Amino acid sequence: MAQNPSLDTLVSLAKRRGFIYPGSEIYGGLAGTYDYGPLGVTLKKNIENLWWRTFVEERDDMYGVDAAILMNPKAWEASGHVSGFSDPLVECANCKKRFRADHLEDPNTCPGCGKQGTLGEARQFNMMFKTQIGATEDESATVYLRPETAGGMFVNFKNVVDSFHPKLPFGLAQIGKAFRNEIAPRDFIFRVRELEQMEVEYFVRPTEWEAAFEAWRQSMHEFAKAVGLPDESVHELEVAPEDRAHYSKRTIDFEFDYPFGRKELWGLAYRTDFDLSAHQAASGQSLAYMDEETKEKLVPHVIEPSFGVGRTLLAVLVSAYREDELGGETRSYLALNPKVAPVKAMVSPLLKNKPELVAKAREVRAALQKVHPAIAWDDNGNIGKRYRRQDEIGTPFCITVDFDTLGETPEQKDTVTLRNRDTGEQERLTIEEAGKRIRDALS
Ligand code: ATP
């Protein structure tokens, strides 16, 4: 039924049900920051874990790292970010607000105050946050908050090669925070100043880049499907040479149909040997790789699939949101893939004032928690309300313990009802069968 929720619908659901709150809210917020609440952090971790399992644990050619956010500033000079990581900015002479020149709908009209002809010339604005390290505040102590996680992988290329002797092609993977002083943070968690990325630097022989690029393109589509994004909402955009980042020879943007339009979800870039060569030149350390097959020394080239965690999570929420009619009432629910759903099942005693029902339901919950720990408990209000609460946060199953579970109807002893979130249908199953349903949904 009603799909494509408005952004307001999702923002309000996310806040009300404890997924995502505005950052520093009691102080009036801080633009471009959001805090993940109990359900949001679990959903986020589930997405990250699925990514890590898919791209690191299930592969033999991938190596995980977790590098420091603060890096020697020379690394960002070498990578070109100090001189080139900037957005074009225009300032309005009337309201003094600044806007991204490449995001203006009409270059003659200020999007802030609506005046015409007040926007100045575009100027480059570096998006890296600077801070000081140590007690002095002179220039020598300036460090940057990393604007992408990639840098931490390039500087560890040699370490991983020395420790593990991987054969080309192989990759490093990292999940972590990055910071960008976005001029106009907007659209909820889509464009924020403190973000999280899941990135891979995949090192190849120069002749292999096209095949690796194609393989990663496919893998990214598969991951989109696995995380719950429908094929028809994910689109590829071949980025024109003049719009590519300074290091890229080919870039595909994976775009998603967000409520505010079709926008970049993830990026896939061919970074050539730009980074390793630049770090080699600037650090004076050899980052060449000795190819055992050809006995040749070479600086590998790089394919970089880059996934924003927040943009993925928002796309997951957009894709999962549903409204339908159930039992004569309108309900909204999240049809989340059970693998990423924050709660896998909810267990409930039919009545909360019957100690024998409560005790049995506690026992059932403990048994199901052996299948997965994220089994919620709810004995508040009537059963229908409990179901709706779980529907709204995307819990795939609700399990109810009633008098038949206790043996009122002898042949139904130790059976429970299992309600399916998407259909609202209920089945009578043994506790073991209910556990198997959960296990199967997660496998
Ligand atoms: P945009 O053009 O939307 O600013 P970008 O092309 O600068 O994005 P990349 O540098 O390719 O983005 O970053 C890789 C990924 O990191 C993006 O595909 C996106 O998922 C995520 N990302 C980048 N900037 C932000 C941000 N400000 N907020 C949230 N996620 C971001």
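Biologist: Which residues are closest to the ligand in this model?

Modeller: This is a predicted model, in which local features need pLDDT of at least 70, side-chain atom pairs count only at pLDDT 80 or more, and totals for chains, interfaces and linings use all residues. Residues are numbered from 1 along each chain as its sequence is written, and side-chain values use heavy atoms, with hydrogens and water left out. A residue is near the ligand if one of its heavy atoms lies within 4 Å of it. Of the 14 residues that surround the ligand, the closest are Glu182, Arg191, Val192, Glu264 and Leu265.

Biologist: What distance separates an oxygen atom of the ligand from the side chain of Glu264?

Modeller: A polar contact is a pair of N or O atoms within 3.5 Å. The backbone of Val192 places an N or O atom 2.9 Å from a ligand nitrogen. For the side chain of Glu264, the distance from one of its N or O atoms to a ligand oxygen is 2.7 Å.

Biologist: Which strand gives the largest share of the shell around the ligand?

Modeller: Strands are DSSP runs of at least two residues, numbered from the N terminus. Those giving two or more residues to the shell are E10 (194-204), E13 (261-272) and E16 (301-308). The largest share, four residues, comes from E13.

Biologist: How many disulfides does a search of the whole structure find?

Modeller: A disulfide is a pair of cysteine sulfur atoms within 2.5 Å. The sulfur of Cys92 has its closest cysteine sulfur in Cys110, at 3.6 Å, which is too far for a bond. The number of disulfides found in the whole structure is zero.

Note on methods:
A polar contact is a pair of N or O atoms within 3.5 Å; within protein, one must be able to donate a hydrogen and the other to accept it, and residues adjacent in sequence count only if both atoms are side-chain atoms.
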